[in-house]
Amino acid sequence: MKPKALIIANIEAFLLEPLTAAGFKFSPGQLTFKRARNEFVQTIHFQANRHNEEHVCVAFWSHYQVSSRSYASWHKARYGHEPANPIVGAVADWNIPHWQCASVDGEAHHQLVDPARSATVMHRLRHNLHTLALPWLERLSNWENAALSLVEAQDAHARACDFYLMAGQQEKALWALNEGLAYWKKNPGASFPEEKEAIALRMEKDFNA
């Protein structure tokens, strides 16, 4: 069986029923599950290794994302243009705390080339999905949680401000911007001009600063 077909077969055998029961819809061609949660869309995507080869390597990773068209509409109404993307949060499985892959020889991915190990790999993946990935998706499907996650990661402080504003948290929105200014001042070599401009825009427009 070709690598992609084998990945799809294992996903359908081990993950399709529980994820469908949880409201997700599967697109086999895209190796993607999606479900709507109020203003948010939660996505689970399985990325096949581009070096996969039949009987040699059948490896894949999983990625998790929360997006919202509501954010794009809000941003356009407030700032006159849509954001670069509608992503609220995104993470690869290896960056989720406590994620443990049933790997072969310490490999940080899911490997299905050995039929004798496939069930173990997929059972571990299913366990990680239900205990770690789905809670992550649920947590990020909330404007305040999504904003705090960005600030804690020292990333996209202007977007964090937006999320707090959407949640009606004006003081926290200003806090996110100040955290961004402090971070860029402390780490000038890591700064992005676009982010500084976005922070300055919000300081002026939303806080008259």
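A salt bridge here is a side-chain nitrogen of Lys or Arg within 4 Å of a carboxyl oxygen of Asp or Glu. In this predicted model, the count under that rule comes to seven. One of them joins the side chains of Arg 37 and Glu 138, with N and O 3.1 Å apart. Arg 37 sits in strand E2 and Glu 138 in helix H4, so the bridge ties together parts of the chain that are 101 residues apart in sequence.

Glu 138 has another partner: its side chain also meets that of Arg 35 in a salt bridge, at 3.2 Å from N to O. Here again distant parts of the chain are linked, as Arg 35 belongs to strand E2 (residues 32-37) and Glu 138 to helix H4 (residues 115-140), with the two positions 103 residues apart in numbering. Put together, Arg 35, Arg 37 and Glu 138 make up a salt-bridge network.

How do the members of this trio sit with respect to solvent, buried or partly exposed? Arg 35 comes out at 7% relative accessibility, so it counts as buried, the cut-off being under 20%. Arg 37, at 30%, is partly exposed, and Glu 138 is partly exposed too, with a relative accessible area of 35%.

A further salt bridge pairs Arg 69 with Glu 82, whose closest N and O atoms lie 3.4 Å apart. Arg 69 is in helix H3 (residues 69-79), while Glu 82 falls in the loop between H3 and strand E5 (87-92), so this pair connects parts that are 13 residues apart in sequence. Glu 82 itself is partly exposed, at 39% relative accessible area.

Just before Arg 69 comes the loop between strand E4 (59-67) and H3, and this is where Ser 68 is found. Is Ser 68 buried or exposed? With a relative accessible area of 1%, Ser 68 is buried. Leaving aside residues up to four places away in sequence, Ser 68 touches Glu 39, Phe 40, Pro 86, Val 88 and Trp 143.

Then there is the nonpolar interior. The largest nonpolar core takes in 55 residues, and those touching the most other members are Leu 15, Ile 44, Phe 46, Tyr 64 and Leu 125. Which element gives the most to this core? That is H4, with 10 residues. Helix H4 also carries Glu 138, the residue that bridges to Arg 37 in strand E2.

How values were computed:
Residues numbered from 1 in each chain as written. Predicted model: local features only at pLDDT ≥ 70, side-chain atom pairs only at ≥ 80, totals over all residues. Heavy atoms only, no water. Helix = DSSP H or I, 4+ residues; strand = E, 2+ residues; numbered from the N terminus. Buried < 20%, exposed > 50% of the residue type's maximum accessible area, 1.4 Å probe, protein only. Core = buried A, V, L, I, M, F, W, Y, C linked by side-chain atoms within 4.5 Å. Contact = heavy atoms within 4.5 Å.
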